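Trainee: Please take a close look at one part of this model, the surroundings of the ligand. I would like one connected account.

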Amino acid sequence: MCGIVGYLGDKQAYPILLRGLKRLEYRGYDSAGIAVLNGDGIEIFKKQGKVVQMETLISDESPKAKLGIGHTRWATHGVPNDVNSHPHYSQSKRIAIIHNGIIENYTSIKEGLLKRGYTFHSDTDTEVLVNLIEDVLINEKVDLAEAVRIALNQVVGAYAIAVIEEGNYDQIVVAKKGSPLVIGLGENEYYIASDATPFIEYTKQVVYLDEEEVAVLSLKNGLEIRTIANQLKTAYVQELALELESIEKGGYDHFMLKEINEQPKSIYDTLRGRLLVDKGTISIGSFVEYEQKFLNADRIIIVACGTSWHAGLVAEYLIEDLARIPVEVEYASEFRYRNPIITERDIVIAVSQSGETADTLSAIQLAKSKGATIFGICNVVGSSIAREAHVGTYTHAGPEIGVASTKAFTAQVTVFTLIALGLARKKGTISEQLFRKLIVELDSMPDKVAQTLKVDAQSKYIASIYKDVPNCLFLGRGINFPVALEGALKLKEISYIHAEGYPAAEMKHGPIALIDEDMPTVVVAIKTEQYEKVVSNIQEIKAREGKIIAIVNEGDSVVSKIADHVIEIPEVDERLSPLLTTIPLQLISYHIAVMRGCHVDQPRNLAKSVTVE
Ligand code: AGP
């Protein structure tokens, strides 16, 4: 959570920081702020609300400076208000800091600083950190970089920080642990940010800081990286494969709608080079080295949060059904604290769009320490989870900016389908005929998704009817039960309508009590072995005057007679169906949220990557 950005170079810093903050707003939007360093010292502009609200603080001319830092906040310590916004000055205003993360031991550090005469204006842990740095700076008589390094040795928690100092026009000090930080290397200029989106039009040369590293950016002296234990490191420069268009709305009203519509391409990109239909093979490059481990694994444990957890549930159905390997799917936040039994024969798969989710990251660190093999499925290249895993693969969905995950989910499901089919073939748990049938069908999924997206107008119409309901139920069976969970999550997170997902058959064990004429139920009722049973569930709801929105296969003649609305999607093997059934649910949620006037891409209280526990 929180986005950080910084600039040092020949250009005017303020416009670069401002644009950068707008691109990072998906990470948090409770408040925004910028600090620039010029002849007048460090000037800070900050305000509660979105970046545009902060902009109103700048009258006619934007501040002139060639060095600056900026922050967009998702509040952890202290309510979102002007005072708690970042950047924060130190007591003497000699230094200023921006911070993404949580300083867990800030109370004890604060007590020490209070005794030494420091006063605090905000409720944040960040103001404690900047004063700790100042305290070290003064008492140890060291320079800023050394003060940051020494101070961070006293800190427990997570941080991506950038620190600037009055009069020090050629230096930004940054450090990272548990929160992302990337340095962009331009021509005689440096950028820093939580991800590369603020500076991709300026440079594609980047250095990702590793855990517990402190970097000093200086035009005169270059880039120097040390660990907080004072070990000098060599900067590993990488070339980014990210294009500007991929982070812009491209004519759509919202990133979410753009990303929903990108799914044919993101699925295609995720399959490309891995699914070789002509040769009748599946090849996931990174997999080869660890293939035997997978084949001999006692079980696979999938850890993830939110939508990624739902993709993990789909994977459980796929891997157990096709490859016959036992799978457990765990909320990362629960897994890490319940003293789980993990052995060296376990494979732990971490699924994460951002690759930065704190709970997922900690879960794999725990599993790694117990000897399990860690496989990462991430969307963001170079992210912390991707680097922490022993091996892994990317989803190739491209940048996902809308807070509600859409194309990342279908790309994750695509990767899991490849893994399940690949393992099944190696293990001999699938017939050649079924393998062939499924890979041909998988290859056609980008086209089928494109066809499914045509239900947009119908989804919008249904949204217009149900946009004001207070509650909504989502039902699905088998592999479409996780899709029901995902549909409910989409609706609640962007429209603030209370929604719950259930296995269809579970309805009679409680949720049916909620059914009345005001309670719509969205049911995935495609042709499967359980179809008749789902039809019975629909009848039970209709008997209680509930409204039914059913996702059915083209040409369905049974459900269409009972349901209030049906949305038809192409027929595919049930195992591949989540890639299609999820599309109308995404569209209905999107349109309802728009009609309710909700901020679709930046829903309240949320942030795109959750880098705090
Ligand atoms: C989904 O729409 C979410 N906003 C959220 O649940 C998300 O999936 C979750 O925070 C996990 O994120 P990750 O995939 O980046 O780890």
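Mentor: Start with the secondary structure. Two helices, α9 (306-323) and α17 (481-495), each give at least two residues to the shell around the ligand. Bear in mind that this is a predicted model. Now step up to the domains. Domain 2 (249-443) and domain 3 (453-600) each contribute at least three shell residues. As for the site itself, the ligand occupies the second largest pocket.

Next, the residues. The ligand has 15 residues around it, and those that come nearest are Ser-308, Ser-352, Ser-354, Thr-357 and Glu-493. Sorted by class, the shell holds 8 polar, 5 nonpolar and 2 charged residues.

Now the polar contacts, atom by atom. Take Glu-493, one of the nearest residues. A polar atom of the Glu-493 side chain is 2.4 Å from an oxygen atom of the ligand. Ser-308 also uses its side chain: a polar atom there lies 2.6 Å from a ligand oxygen. Thr-307 uses its backbone instead, with a polar atom 3.0 Å from an oxygen of the ligand. On its own, the ligand would expose 410 Å², and the protein buries 91% of that area.

To put the picture together: the ligand sits in the second largest pocket, with shell residues drawn from domain 2 and domain 3. Helices α9 and α17 both supply part of that shell. Side-chain contacts come from Ser-308 and Glu-493, and a backbone contact comes from Thr-307.

Terms used: Residues are numbered from 1 along each chain as its sequence is written. This is a predicted model: local features need pLDDT of at least 70, side-chain atom pairs count only at pLDDT 80 or more; totals for chains, interfaces and linings use all residues. Side-chain values use heavy atoms; hydrogens and water are left out. A residue is near a molecule or strand if one of its heavy atoms lies within 4 Å of it. A polar contact is a pair of N or O atoms within 3.5 Å; within protein, one must be able to donate a hydrogen and the other to accept it, and residues adjacent in sequence count only if both atoms are side-chain atoms. Accessible areas come from the Shrake-Rupley method with a 1.4 Å probe; for residues, only the protein chains shown count as cover. On a 1 Å grid over the protein atoms alone, a cavity is a set of points where a 1.4 Å probe fits but cannot get out, and a pocket is an open set with protein on both sides within 12 Å along at least five of seven lines; lining residues have an atom within 4 Å of a point. A molecule sits in a cavity or pocket if more than half of its atoms lie within 2 Å of its grid points. Helices (H or I, at least four residues) and strands (E, at least two) are DSSP runs, numbered from the N terminus. Ala, Val, Leu, Ile, Met, Phe, Trp, Tyr, Cys and Pro count as nonpolar, Asp, Glu, Lys and Arg as charged, and the others, Gly among them, as polar. Domain bounds come from an automatic or database domain assignment.
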